[in-house]
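Hi,

Here is the structure I promised to pass on. Have a look at it first, and my notes on the interior follow below.

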Amino acid sequence: MPLAKRACIIALFIFTSQATLQSQVLPEQIKFTRQASKRLVFDEDQTIPLAGIWPEKSVGFSVMHPVIHQLKDSAKVAITSNQLTIQSLSKTATNIWFGGFNPVATYSIDLASCKGKGALGFSFFGKGLKEKLTLKVSFHNEKPEGVSLHYTDRKGLSKESSIAVNFPNDATLHGRLYLQMLGSGLVLYLKDGDLPQVIAQSDFNQLIDLRKKEYLHSFQSHFYVALDSGEIKVDKVLMGLTTGVGLADIRAITYEDGSPFLDQGRLWYTMSIRGRALPHHIQGVFSMNPSVFDIKLEGVILFDRGDGLLRNEVASHLIFDRNDNLWKGLTTGFSAYANPELEKKQLLAIQSSRDPRFGFSIMEAKAFGVVGDIEDPHILYDEETKKWRMLTCVNEGGYKAIVMEADEWDKGYIKIAGPVAQNSTGTSIQKIGNERYCFSGSSEREIYIYTYPDLKEVGTLKMDLPPWDKSSGTRVWPNVVQLPKGYPFRYVALMMDRINYPGMVGPNWTYGALYLYHGFE
């Protein structure tokens with residue numbers, strides 16, 4: 001080869017190599033700028049409807065909403081001035097049917113007025129069954145006096161207990177009641193102008209485990225009214241899937257290779273709809289057009305391990321495997337805390353042939369040997385190594401990131417890297433340019449960036465206005481996503497804060513608000 005031609009080839013090779021190096025952006029060189037923030041609190045425009053009573057649209061009310069009178073005397077039930085009215089001059093107890101049953105739905109009552117003395121709430125039972133769970137808010141002339149949970153077992157034996165907390169002395173029973181059912185527990189809120197106020201909470205799993213599929217199939221929901229003497233007027237009664245009071249564990253849904261799942265021009269996310277303590281959260285699915293801030297609740301997923309329970313696991317990573325034409329992924333078995341003497345926290349492999357993003361979905365789940373205090377898994381198939389790789393956090397003197405790999409997506413994982421030195425949470429893998437990196441929130445007021453897959457620390461995420469201040473927790477989920485060309489920016493990050501919802505009693509993890517960031521090189 002002539003010397004001049006050889007020199008040209010070498011020069012071209014050097015130029016191409018330098019251009020490649022220069023075009024490979026390092027993640028610590030990207031600056032993320034906050035664009036928006038918002039906390040979703042039972043947002044009405046986000047609610048996915050399941051059932052309800054709409055008095056102004058009722059024709060043939062007795063057929064649409066059958067009434068059961070439990071005592072000798074019967075209350076008068078009628079629609080007047082587009083309101084549901086229940087009246088009685090003597091002691092009565094009335095159940096008005098309005099829908100089926102869902103153990104993770106939010107039930108609400110828009111209360112116009114309540115005069116006299118009595119109680120109102122919700123009752124869940126099936127036709128011909130003795131077993132019943134009833135929540136009662138007692139009142140006297142519009143003043144709430146207490147909240148109780150009444151359970152009748154299959155033999156007809158009953159128990160009743162007070163579950164009121166933070167009970168306001170000067171409150172008026174007016175506005176909206178929210179009953180957030182959480183599988184193995186509940187929280188009751190009263191909203192009259194301001195933020196919904198926590199007025200009752202309970203863990204009822206020792207009485208009745210509403211996660212059992214038999215209750216989903218057999219129980220029905222009733223608006224409950226008991227009157228000594230008085231009148232109640234209601235604008236509507238609703239049952240739906242809601243955003244709850246806080247969102248966390250934000251994870252972009254991806255394809256099997258880790259690339260973001262963009263459908264209908266939207267990014268898709270799994271997020272934990274927060275309830276109260278660890279067994280009480282709900283796996284939600286949300287979508288967002290990455291060029292704006294239009295978060296939308298799309299669905300809720302429960303998980304079936306084939307033992308008769310529908311578990312409300314969270315911190316899931318959902319992927320669509322184009323090779324198998326199958327929805328699959330991993331989730332964290334936090335619901336084990338509802339029965340700690342019987343179950344252990346562990347990661348679960350999940351799958352569904354049906355698209356689980358919309359409405360109410362159930363995915364198959366199974367244990368695959370990763371047992372213990374381990375959480376926040378992110379999974380992808382590495383085409384170069386022909387291995388499935390999982391980035392997750394294990395509690396070894398604090399939660400620390402590790403990488404595991406296996407030949408199959410749902411078994412046989414072994415650790416190949418980590419644990420890292422820094423505290424870790426919300427671990428995820430994302431491409432920046434053509435290179436994969438591992439991202440992790442932490443308690444050190446930093447979001448750390450590591451090499452993939454060996455977890456060597458390379459820097460921290462640069463961002464203005466991080467989702468914390470001097471007094472709040474910083475263990476947030478980074479959730480960095482690289483977008484295709486054509487967007488006004490190349491990178492987007494959707495994060496949450498760690499600020500709990502006020503008024504909960506006892507341990508709770510009820511954070512947080514959502515924060516949108518755009519990333520620029």
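What is the volume of the second largest cavity? It comes to about 40 Å³. Keep in mind that this is a predicted model, and that everything here was computed from it.

Since we're on that one, its lining is made up of Val104, Thr106, Gln180, Leu241, Thr242, Ile273, Ile282 and Val300. By type, that gives 5 nonpolar residues, 3 polar ones and no charged ones.

The structure has 2 cavities of 30 Å³ or more, and the largest encloses about 70 Å³. Around the largest you'll find Arg251, Ala252, Thr254, His378, Ser428, Ile429, Gln430, Asn479, Val480 and Val481. That lining splits into 4 nonpolar, 5 polar and 1 charged. Three strands each bring at least two residues to it: β15 (247–252), β30 (425–432) and β35 (480–482). Of the contributors, β30 gives the most, with 3 residues.

Next, a histidine that caught my eye. His317 sits in strand β22 (residues 314–321). Its relative accessible area is 0%, so His317 counts as buried, the cut-off being under 20%. Its side chain has two polar partners worth pulling up on screen. One is the side chain of Thr254, in a polar contact at 3.0 Å; the other is the backbone nitrogen of Ile379, which lies 2.9 Å from a polar atom of the His317 side chain. Leaving out residues up to four places away in sequence, His317 touches Arg251, Ala252, Thr254, Lys328, Gly329, Leu330, Pro377, His378 and Ile379. Among these, Arg251, Ala252, Thr254 and His378 also turn up in the lining of the largest cavity.

Now the packing. The largest nonpolar core contains 65 residues, and Phe32, Tyr189 and Met271 have the most contacts inside it. Strand β36 (residues 491–496) supplies the largest share of this core, 6 residues. If you want a place to start, try Met271: again leaving out residues up to four places away in sequence, Met271 touches Leu247, Ala248, Asp249, Ile250, Ile282, Gln283, Gly284, Phe286, Ile295, Leu494 and Leu514. One of those, Ile282, is also part of the lining of the second largest cavity.

There is a second, separate core too, with 46 residues, including Ala51, Leu84, Ile96 and Leu227.

Over to you!

Cheers

Definitions and conventions:
Residues numbered from 1 in each chain as written. Predicted model: local features only at pLDDT ≥ 70, side-chain atom pairs only at ≥ 80, totals over all residues. Heavy atoms only, no water. 1 Å grid on protein atoms, 1.4 Å probe; cavity = no way out; pocket = protein on both sides within 12 Å on 5 of 7 lines; lining within 4 Å. Points joined across faces, edges and corners; volume = space filled by probe spheres on them. Helix = DSSP H or I, 4+ residues; strand = E, 2+ residues; numbered from the N terminus. Nonpolar A, V, L, I, M, F, W, Y, C, P; charged D, E, K, R; others polar. Core = buried A, V, L, I, M, F, W, Y, C linked by side-chain atoms within 4.5 Å. Buried < 20%, exposed > 50% of the residue type's maximum accessible area, 1.4 Å probe, protein only. Contact = heavy atoms within 4.5 Å. Polar contact = N/O pair within 3.5 Å; in protein donor to acceptor, adjacent residues only side chain to side chain.
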